[in-house]
Every structure is written in structure tokens, then in C-alpha cells.
Amino acid sequence: MTGSAAPSSATSEVGPLRTVLLHRPGPELRRLTPRNNDQLLFDGVPSAARAQEEHDAFAQALTDRGVEVLHLATLLAEVLAIPAARAELIGAAVDDPRLGATLQRDTTRHLARLSPEDLAAALIAGVAHDELRGHGLAYELMDRSDFVVPPLPNLLFTRDSSVWIGEEVAVTSLAMPARHRESTITAAVYTHHPRFAGTEQLYASNLEHLEGGDVLLLAEGVVAVGVGERTTPGGAERLARRLFARGLARTVLVVPIAQERATMHLDTIATMVDVDAMVMYPAVADSLVAWTVRAAGGFPAADDDTPDLAVTGPQPFVVAAAAAMGIDELRVIDTGLDPVTAEREQWDDGNNTLALAPRLAVAYERNTVTNAALEAAGIEVVRIAGSELGSGRGGPRCMSCPISRAPL
């Protein structure tokens with residue numbers, strides 16, 4: 001199995017990146033068709049081979065800069081050699097009211113016969129009707145092009161299903177039905193893999209909707225949570241209570257964002273690129289606000305979900321963030337005055353950068369105006385291709401879950 005390493009911990013967005021979790025796209029992308037791509041949350045039908053080439057180059061760029069890259073499919077195959085994890089994930093895969101008892105039984109038997117590697121592939125790429133010798137009414141009435149176990153093409157975006165805060169990991173509650181099983185896979189890896197033995201899980205998939213793309217670690221003890229299409233106010237509140245109860249944060253900024261596909265997560269419009277600098281979509285720079293949440297004190301909390309909260313605001317986001325971070329000003333890097341270009345590059349994940357260290361960030365090469373603005377502000381940009389990877393609406397930050405960052 002993948003061996004042990006330095007303790008996992010992340011307290012900022014820009015501390016030197018030491019270990020990251022990625023998922024190399026595979027056969028699940030070949031399951032996308034014009035008929036199902038909307039349901040599976042893709043804006044097109046990408047070339048799987050080209051997406052793999054682009055992702056390999058992304059992973060290599062991280063490795064070349066000393067980052068340890070863990071691959072989710074490898075970790076999953078390793079935990080599927082553990083009987084408890086195997087039973088748990090097979091059960092989650094067949095827990096679907098479409099199937100009925102007979103097809104659930106047939107599918108369970110089919111999956112149970114697979115090797116750990118083949119089972120990992122099936123859980124990610126799905127099981128099509130014709131790949132299974134099924135019986136019963138549900139199987140006979142199912143279209144040949146339907147999936148008994150749906151594929152998970154969005155597993156590519158490892159940021160969403162978990163986020164590390166301090167030495168704990170929040171396994172998130174994904175909002176869209178097409179993504180629910182991603183959290184079960186991530187939770188099983190963190191629960192059963194020896195690499196993560198003893199790791200406390202801060203959140204769980206059965207709680208209010210909360211997605212990792214909405215969580216930004218602005219500074220040690222300061223967490224911003226976007227509330228919009230994917231993360232609910234209830235999810236932000238529960239996360240805040242748990243962070244305060246466990247001493248992982250002193251301030252949580254709750255940031256409402258438009259409930260639209262283009263702004264599905266906070267990190268689609270703003271990401272940190274330095275200890276005091278953020279690249280931000282100019283259309284929201286002046287209108288983005290934040291509510292400041294802190295522990296109210298008083299009576300001691302009975303458990304993680306009961307600390308009293310003090311809520312103030314709203315304030316302009318950059319003002320509230322600077323105050324919470326203890327800095328004079330949060331620098332906002334403007335991505336250009338041309339609103340058409342800014343809108344195009346925001347849609348193409350221009351604001352979704354992955355910081356490898358202060359003033360060093362990975363970005364899609366196609367966002368030329370945004371990248372030029374970053375460089376003019378003193379940020380070194382590591383450019384990667386993403387013509388196919390971006391069809392699921394996600395950039396370098398979406399595709400990466402930092403497991404360990406050096407403290408600043």
C-alpha cells in the first residue's frame with residue numbers, strides 16, 4: 001500500500017504544497033454522451049485520451065516542483081482489499097431505488113467477484129446494462145444504454161469531496177445527485193487506508209450540503225465559505241460550529257455567491273495566490289460581501305454542533321477578510337477591464353488557480369489576460385493545458401485536494 005508520510009495538515013491556501021490528492025480521469029469520461037452529459041454535469045463530451053494527457057502534464061508539473069502526488073484510484077484499489085471497505089462501497093453502489101431487490105442482488109454479486117483493482121475501476125467508471133448479466137423486471141425494462149451503477153466523471157475534481165483544515169479532514173456533502181457516491185469513496189479512503197490512520201473527520205456526507213470548492217483557507221484560523229448553488233447556509237453554519245468547537249478556526253466568513261453554473265463555487269470567482277493577494281473575477285469584486293461568524297463564548301459547548309455563534313455584517317468581502325486575517329489590505333488582482341474577456345476567462349476557470357507556494361500558482365494556459373495580470377502583480381504562473389479537462393467546469397484548484405502544506 002501507499003506508505004506513510006509526514007502528518008497531513010493544511011492551514012492556508014498558499015503554504016508550500018507538500019502532498020496533494022488527484023484523480024487521473026479514465027474510462028468514466030468515455031461514458032459521457034450528448035444524451036447524458038448534462039445530467040453528469042459536463043458541458044460537453046471531452047476526449048478522454050486528451051484529458052488524460054493534460055492531467056498527466058498537470059501531475060508532472062506538481063511532481064517537478066517537489067509535490068508528492070497521490071492518486072485517488074490507487075488509494076481506492078488499496079482499501080478495497082480490506083473487507084469492511086469493500087462491503088461498504090459495494091453497498092453504496094447498489095443503494096439505488098431504480099434497481100429493485102433483484103437487480104441489487106445481481107449487481108452486488110457481480111461487484112463482489114471483482115479484484116480490488118477491477119472493483120475500483122467499476123465503482124468509478126460505472127457498470128452499464130450490457131456489462132452485467134442481470135435478471136428481473138428492473139433489468140429487463142432498463143434501456144441498453146443505461147447504467148446500473150452510474151459513472152463518476154466529476155471525481156476528477158478532488159477538491160469538492162474533501163477539504164483538509166488543520167490536521168482534520170472534512171468529507172463533504174455534495175449537492176448534486178450525480179456526485180453523491182464521490183463522498184462515499186473519499187470517506188472510505190480516509191477511514192480505511194493506513195496512510196490516514198487516526199485522522200479525525202470533521203464533516204460527513206449525510207449532513208447539510210457543503211462542497212470543498214466553497215471553502216477557502218484565507219489564513220491560519222480564518223476560513224471563508226461560499227454559499228450558493230452547492231453549499232447551503234446550514235452547511236456553512238455547521239462547519240463553523242465544528243471548526244470553533246475543535247479549535248481549528250477563530251473566524252469564518254460566509255460569502256453569498258450567485259446560484260449559477262458559472263459561479264457554482266467560491267473558488268470559481270476567487271482564489272488566493274499570496275499571503276495577502278487574491279485573483280478575483282472583476283464583475284463581483286465590488287459587490288461580494290461577507291458575514292463574519294465567531295464563537296460567542298458563554299456556556300461551554302456540549303458537542304461539536306452546539307457552540308453559540310456571533311454573526312455580524314455584511315461587509316464588503318475584501319474588508320471583512322483583511323480584518324479577519326489581521327492585515328491592512330487584501331490585494332485583489334484585477335483580471336482586466338474588458339468585461340467580455342473577463343467573463344470568458346472566468347467561465348474558463350481563469351480565477352481557479354492552485355497555489356504551490358506564495359506567489360507561485362498553476363493556471364490554465366488559455367486564460368492569457370488573467371495570467372498576464374497575475375504576472376504583472378508578481379505571481380509566477382505555471383501554465384497547463386486544459387481544453388478537455390475544463391469541460392466539467394473546473395480548473396487546477398478544483399482538480400486538487402491539498403493534504404499537506406507547510407506552515408507559513
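In the predicted model, 57% of the 408 residues of the protein chain count as buried. The chain is built from 14 helices and 19 strands, and its accessible surface comes to about 16000 Å², of which carbon and sulfur atoms hold 53%. Among contacts with a separation of 6 or more, 73% are made by residues 24 or more positions apart.

The largest nonpolar core comprises 63 residues, and those with the most contacts inside it are Ile165, Leu239, Leu243 and Val252. When neighbours within four places in sequence are left aside, Ile165 is found in contact with Ala10, Leu202, Val215, Leu217, Leu239, Leu243 and Leu248; Leu239 and Leu243 thus appear both among the contacts of Ile165 and among the residues with the most contacts inside the core.

The structure holds three aromatic pairs. In one of these, the ring centres of Trp164 and Tyr190 are 5.5 Å apart and the planes stand at 85°, so that the pair is classed as edge-to-face. This pair links distant parts of the chain, with Trp164 placed in strand 5 (residues 162-165) and Tyr190 in helix 9, 26 residues apart. Both Trp164 and Tyr190 are buried, the relative accessibility of Tyr190 being 2%. Tyr190 also pairs edge-to-face with Phe196, with 5.0 Å from centre to centre and 80° between the planes, and Trp164, Tyr190 and Phe196 are in this way linked by ring pairs into a cluster.

Phe196 itself belongs to the loop between helix 9 (180-192) and strand 7 (201-203). Despite this loop position, Phe196 counts as buried, because its relative accessibility is 1%, a value under the 20% that sets the limit for burial. Beyond residues up to four places away in sequence, Phe196 touches Ser8, Leu70, Leu75, Trp164, Val189, Tyr190 and Ile403. One of these partners, Ser8, lies 188 residues from Phe196 along the chain, yet the C-alpha atoms of the two are separated by 8.2 Å.

A second buried loop residue is His23, which is placed between strand 1 (17-22) and helix 1 (27-30) and has a relative accessible area of 2%. The side chain of His23 forms a polar contact of 2.9 Å with that of Glu28. With residues up to four places away in sequence not counted, His23 touches Glu28, His55, Leu72, Ala73, Ile124, Leu155, Leu156 and Thr158. Ile124, one of the residues touched by His23, is also one of the buried residues of helix 6.

Helix 6 (residues 116-125) has as its buried residues Leu119, Ala120, Ala122, Leu123, Ile124 and Ala125. These buried residues pack against several elements, namely helix 1, helix 3 (72-79), helix 4 (83-94), helix 5 (100-112), strand 3 (127-128) and helix 9. Just after helix 6, a positive phi of about 85° is adopted by Gly126.

In helix 14 (residues 368-376), the residues Thr370, Asn371, Ala373 and Leu374 are buried. They are placed on the same side of helix 14, because the arc that they cover around the axis is only 160°. In general, residues three or four places apart in an α-helix point the same way, because there are 3.6 residues a turn. Thr368 and Ala376, by contrast, are exposed on the other side of helix 14. Gly378, just after helix 14, takes a positive phi of about 90°.

Two further backbone features concern other parts of the chain. Gly313 and Pro314 are joined by a cis peptide bond, with omega at about 0°, and Pro314 is located in strand 14 (residues 309-316). Arg359, although not a glycine, has a positive phi of about 65°. Arg359 occurs in the loop between strand 16 (354-357) and strand 17 (360-364), where its relative accessibility of 44% makes it partly exposed.

Key
Residues are numbered from 1 along each chain as its sequence is written. This is a predicted model: local features need pLDDT of at least 70, side-chain atom pairs count only at pLDDT 80 or more; totals for chains, interfaces and linings use all residues. Side-chain values use heavy atoms; hydrogens and water are left out. Helices (H or I, at least four residues) and strands (E, at least two) are DSSP runs, numbered from the N terminus. Buried means under 20% relative accessible area, exposed over 50%, partly exposed in between (1.4 Å probe, protein chains only). A polar contact is a pair of N or O atoms within 3.5 Å; within protein, one must be able to donate a hydrogen and the other to accept it, and residues adjacent in sequence count only if both atoms are side-chain atoms. Contact means heavy atoms within 4.5 Å. A nonpolar core is a set of buried Ala, Val, Leu, Ile, Met, Phe, Trp, Tyr and Cys residues joined through side-chain atoms within 4.5 Å. Rings of Phe, Tyr and Trp (its six-membered ring) pair if their centres lie within 6.5 Å; planes under 30 degrees apart count as stacked, over 60 as edge-to-face and the rest as tilted. The arc is that of the directions from the helix axis to the C-beta atoms. Accessible areas come from the Shrake-Rupley method with a 1.4 Å probe; for residues, only the protein chains shown count as cover.
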